[in-house]
Amino acid sequence: DGTDIAYLSADGNGEDFQPFLWKADADYSKRLDGPITHTAIQSIRWSPDGKRLAYLVGNNNEGQIWVLDVGANRGGHSLDAKIRTLSDFEWSPDGRSIAAVLRSAPSVLQLLSTNNGRMVATLSLGRGPFSEIRDLSWAPTGSVLALSVREGTEFFQLWRVDLRSHTVTSCVSAQGDILAPHFSSDGQRVIYSVSEDSQIGIY
């Protein structure tokens, strides 16, 4: 609702990042009861209802998604998977699952239950040894995702995943990396960036 800011912070130049919550009208922030992590490549993610937080606990190679209940202020729980830190992870619109990419399978999209941490769906998007998923975005309906995927090619492309039909469609390619897709609020458009020759354009 715009009243709280969640963030990771480490003292000095250290890598012992801790989760904090700052109420925008307060003069101080509160340390949350979650474990220390050694990576801040991916930021904390709010659940759609604003009641929970998810962040990676691990290092710059792999981590586990840790889910905290903001109001309860207790240790929370982890999802049972080793996540690839360089790849994006995002809550589903209904808050029941998180889409992520496993450390051992960088081209496979995984849906993890936020309640028990188990895998509820798996969808392979790559065929070559250099295939990988980098960024992802849920459509407001929760049935479609947009992803930036490299399928053994030089550049990341924009792909569409329909979870109802389990179909994968390559939508856009460019002479550069397509990254950071985001659905518009009506679900009809995807905004993304193209990084080409050290220049970034928004489409």
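## A tour from the surface patch to the core

Begin by selecting Ile191, Ile200 and Ile202, which together make a nonpolar surface patch of about 320 Å². Of these residues, Ile200 lies in strand E19, and with a relative accessible area of 65% Ile200 counts as exposed. While this patch is on screen, keep in mind that the model is predicted; the protein averages a pLDDT of 92, and 98% of the residues score at least 70.

Next, select the loop between strand E18 (190–196) and strand E19 (199–202), where Asp197 lies, and where Ser198 is found as well. Asp197 has a positive phi of about 50° although Asp197 is not a glycine, and the phi of Ser198, another residue other than glycine, is also positive, near 65°. Are these two residues buried or exposed? Asp197 is exposed, with a relative accessible area of 69%, and Ser198 is exposed too, at 74%.

Now turn to the interior and select Ala99, Leu109, Leu125, Ile133, Leu136, Leu145 and Leu147, which, of the 14 residues in the largest nonpolar core, touch the most other members. To see where this core sits in the fold, colour strand E10 (97–102), strand E11 (105–113), strand E13 (132–138), strand E14 (144–150) and strand E15 (157–162), the elements that give two or more residues to the core. In soluble globular proteins, nonpolar side chains tend to be buried together.

Stay with Ala99 and display its contacts, leaving aside neighbours within four places in sequence: Ala99 is in contact with Asp88, Phe89, Glu90, Leu109, Gln110, Leu111, Leu136, Trp138 and Leu145. Among these partners, Leu109, Leu136 and Leu145 also appear in the list of core residues that touch the most other members.

The next stop is Gly34, in the loop between strand E3 (29–31) and strand E4 (45–46). Gly34 counts as buried because its relative accessibility is 9%, which is under the 20% cut-off. Which residues does Gly34 touch, not counting those up to four places away in sequence? They are Pro19, Tyr55, Leu68 and Gly75. Add Phe20 to the selection as well: Phe20 and Gly34 are 14 residues apart along the chain, and their C-alpha atoms are separated by 9.2 Å.

Finish by colouring the model by pLDDT and comparing two strands: strand E12 (residues 119–124) has the lowest mean pLDDT among the elements of the protein, at 89, whereas strand E9 (residues 90–91) has the highest, at 97.

Conventions. Residues are numbered from 1 along each chain as its sequence is written. This is a predicted model: local features need pLDDT of at least 70, side-chain atom pairs count only at pLDDT 80 or more; totals for chains, interfaces and linings use all residues. Side-chain values use heavy atoms; hydrogens and water are left out. pLDDT is the predictor's confidence in each residue, from 0 to 100. Helices (H or I, at least four residues) and strands (E, at least two) are DSSP runs, numbered from the N terminus. Buried means under 20% relative accessible area, exposed over 50%, partly exposed in between (1.4 Å probe, protein chains only). Patches are made of residues with over 30% relative accessible area and no salt bridge: like charges are joined within 9 Å, nonpolar side chains (Val, Leu, Ile, Met, Phe, Trp, Tyr) within 5 Å. Accessible areas come from the Shrake-Rupley method with a 1.4 Å probe; for residues, only the protein chains shown count as cover. A salt bridge is a side-chain nitrogen of Lys or Arg within 4 Å of a carboxyl oxygen of Asp or Glu. A nonpolar core is a set of buried Ala, Val, Leu, Ile, Met, Phe, Trp, Tyr and Cys residues joined through side-chain atoms within 4.5 Å. Contact means heavy atoms within 4.5 Å.
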